[in-house]
Amino acid sequence: KRRAQEADVAEPRNKLARPALSLPTDPALYSGPFPFYRRPSELGCFSLDAQRQYHGDAHALRYYSPPPTYGQGPKFDLRDGYPDRYQPRDEEVREGLDHLLRWLLDHRGQLEGGPGWLAGAIVTWRGHLTKLLTTPYEQQEGWQLAASRFQGTLYLSEVETPAARAQRLARSPLLRELMYMGYKFEQYMCADKPESSPDPSGDVNTNVAFCSVLRSRLGNHPLLFSGEVDCTDPQAPSTQPPTCYVELKTAKEMHRPGHWRSFYRHKLLKWWAQSFLLGVPNVVAGFRNPEGFVCSLKTFPTMEMFEYVRNDRDGWNPSVCMNFCAAFLSFAQNTVVQDDPRLVHLFSWEPGSPVTVSKHQDAPYAFLPTWYVEAMTQ
Ligand code: 0WD
Ligand code: CA
């Protein structure tokens with residue numbers, strides 16, 4: 001026993017030279033002070049149209065337009081228009097980081113942060129960072145993240161796990177309608193122009209998206225990421241993005257304290273992680289009854305969400321989320337050493353296990369498109 005300990009002491013010389021082979025995810029390992037997180041600032045934006053085509057503008061941004069607070073309150077039928085006025089995005093199309101890379105290519109000459117800032121940054125979708133933040137508490141769904149280093153920059157792009165793909169292909173009619181209802185809620189709450197009102201008579205087309213591109217930093221990791229934004233509030237105290245943005249969510253109407261507790265422990269964690277990363281100050285929830293009607297709304301300020309679980313031993317802790325994310329980013333930075341857009345380190349995680357890595361060359365895991373690599377090499 002004693003000899004084994006002595007052997008461990010002699011090892012660090014080796015450990016320093018080689019990156020770790022796996023990363024544990026237990027929450028207890030990541031408590032401690034909240035790490036530095038730079039206030040996210042918007043560098044730009046882009047829109048995707050009804051045909052999922054990229055435009056370097058804000059035309060798809062909608063305006064927060066809640067129903068009047070006087071009177072009887074809302075009665076939004078979230079099932080209205082399903083399925084005849086539903087144009088869902090083709091989920092077989094793997095977009096990877098493509099839209100974000102298109103934005104980056106168009107703006108690479110105007111990036112702030114000084115020369116070489118991009119070379120030291122991590123580029124990814126906000127949604128991928130959300131999954132990292134919630135990993136220490138996630139007990140259902142694993143993930144895979146592909147990583148490539150190119151011109152110094154570390155790019156992270158999610159890969160659909162076989163389990164997630166199987167679930168998506170076997171998605172029940174009930175779940176499909178539930179997904180529609182989330183988008184329908186947005187239509188009841190958003191107007192196309194700041195001075196107009198929502199028009200729930202039109203189609204729900206989930207190809208359409210407005211994406212904000214932001215700069216931040218977690219610990220010593222500079223970040224450039226993009227996230228889809230539901231709407232902007234023309235009456236927000238500050239009109240400066242991202243502080244004018246509003247995230248819309250639906251949840252089941254709850255009637256018992258136990259339902260609320262479970263909502264705070266699970267849903268609110270995901271809502272917090274997603275909106276905190278992007279700097280969205282408020283999440284507006286619509287609670288739907290069993291008939292699919294939203295009859296009540298509640299605003300959850302992102303910065304107050306933790307209060308609901310602060311004194312709950314089975315709650316979540318923002319420090320744990322952020323410290324784990326920082327640890328993962330360090331792990332990835334130390335693992336992906338070779339600069340090669342065709343080389344992929346695939347980080348895989350399943351609940352109850354540590355994050356592991358495998359190495360792959362070219363198809364099917366390489367995700368940096370030739371058009372991007374060639375244009376950046378000019
Ligand atoms: O190709 C894919 N498998 C994915 C594409 C997976 C995840 C996202 N995306 C796309 C999104 O469509 C969006 O254009 O990437 C872009 C940025 O997404 P994000 O902000 O990084 O992702 P996330 O935070 O996970 O989702 C934000 C919103 C969702 O809002 P809710 O309230 O449901 O969290 O993006 C939408 C959705 O409204 N969204 C999607 N829309 C169409 N197809 C998808 C999807 N697969 N995933 C999220
Ligand atoms: Ca939303």
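Q: Let's start with strand 16: is it mostly covered or mostly open?
A: Mostly covered. A residue counts as buried when its relative accessible area is under 20%. This is a predicted model, and in it six of the seven residues of strand 16 (residues 282-288) are buried.

Q: Which strands pair with strand 16, and in which sense?
A: To read pairing, look at the direction of each strand and count the bridges. Strand 15 and strand 16 pair in the parallel sense, over seven bridges. Strand 16 and strand 17 (residues 293-301) also have seven bridges, but that pairing is antiparallel. You can follow one residue across: Arg-288 in strand 16 is the bridge partner of Lys-252, and Val-294 in strand 17 is the bridge partner of Arg-288.

Q: What links strand 16 to strand 17?
A: A turn. The two strands form a hairpin with four residues between them, and Gly-292 in that turn has a positive phi of about 85°.

Q: Which other residues have a positive phi, although they are not glycines?
A: Try Gln-151 and Asp-362. Gln-151 has a phi of about 55°, and its place is in the loop between strand 8 and strand 9. Gln-151 is partly exposed, with a relative accessible area of 37%. Asp-362 also has a positive phi of about 55° and lies in the loop between strand 19 and helix 10. Asp-362 is partly exposed too, at 26%.

Q: Where do I find cis peptide bonds?
A: Check omega. One cis bond joins Tyr-82 and Pro-83, with omega at about 0°; Pro-83 sits in the loop between strand 5 (76-77) and strand 6 (86-87). Another joins Pro-241 and Pro-242, with omega at about 5°, and Pro-242 is in the loop between strand 14 and strand 15.

Q: Which residues coordinate the calcium ion (ligand 2)?
A: For a metal site, ask which atoms point at the ion. Here Asp-230 (OD), Glu-247 (OE) and Leu-248 (O) coordinate the calcium ion, at 2.3 to 2.5 Å. The site links distant parts of the chain: Asp-230 is in the loop between strand 13 (221-228) and strand 14 (231-232), while Leu-248 is in strand 15 (residues 245-252), 18 residues apart. Both Asp-230 and Leu-248 are buried.

Q: What does Ser-275 touch?
A: For contacts, skip the residues up to four places away in sequence. Ser-275 then touches Glu-247, Val-280, Val-283 and Thr-302. Glu-247 is one of the calcium donors you just met. Ser-275 lies in helix 8 (residues 267-278) and is buried, with a relative accessible area of 1%.

Q: And where is Met-254?
A: In the loop between strand 15 and helix 7 (257-265). Being in a loop doesn't settle whether a residue is covered, so check the area: Met-254 is buried, at 13%. Leaving out residues up to four places away, Met-254 touches His-259, Trp-260, Phe-263 and Phe-287.

Q: Which residues touch the most other members of the largest nonpolar core?
A: Of its 59 residues, they are Leu-132, Trp-271, Trp-272, Phe-328, Leu-329, Phe-347 and Val-355. Helix 9 (residues 318-335) gives the most to this core, with 10 residues. Take Leu-132 as a close-up: beyond its neighbours within four places, Leu-132 is in contact with Trp-143, Leu-145, Phe-324, Cys-325, Phe-328 and Leu-329. A second, separate core has 30 residues, including Ala-121 and Trp-125.

Q: What is the strand order in the open sheet of 10 strands?
A: Read across the sheet, not along the chain: 1-19-18-8-9-7-13-12-2-3, with mixed pairing. Strand 1 (22-23) and strand 3 (54-55) are at the edges with a single partner strand each, so one side of each has no neighbour in the sheet. Strand 1 runs antiparallel to strand 19 (residues 355-361), joined by two bridges, and Ser-22 stands opposite Thr-356.

Q: Which strands does helix 10 lie across?
A: Helix 10 (residues 370-377) lies across strand 8 (143-150) and strand 9 (153-159), at about 25° to strand 8.

Q: How many helices and strands does the protein have?
A: There are 10 helices and 19 strands. The radius of gyration is 22 Å, close to the 21 Å that the globule rule gives for 378 residues, so the protein is as compact as a globular protein of that length. Of those 378 residues, 47% count as buried.

Methods
Residues numbered from 1 in each chain as written. Chains lettered and ligands numbered in written order. Predicted model: local features only at pLDDT ≥ 70, side-chain atom pairs only at ≥ 80, totals over all residues. Heavy atoms only, no water. Donors = N, O, S within 2.8 Å, 3.2 Å for Na, K, Ca; no water. Buried < 20%, exposed > 50% of the residue type's maximum accessible area, 1.4 Å probe, protein only. Core = buried A, V, L, I, M, F, W, Y, C linked by side-chain atoms within 4.5 Å. Contact = heavy atoms within 4.5 Å. Pairing = 2+ DSSP bridges. Axes fitted to C-alpha atoms, helices over the stretch in contact; angles between N-to-C directions. Rg over C-alpha atoms; globule rule 2.2 N^0.38 Å.
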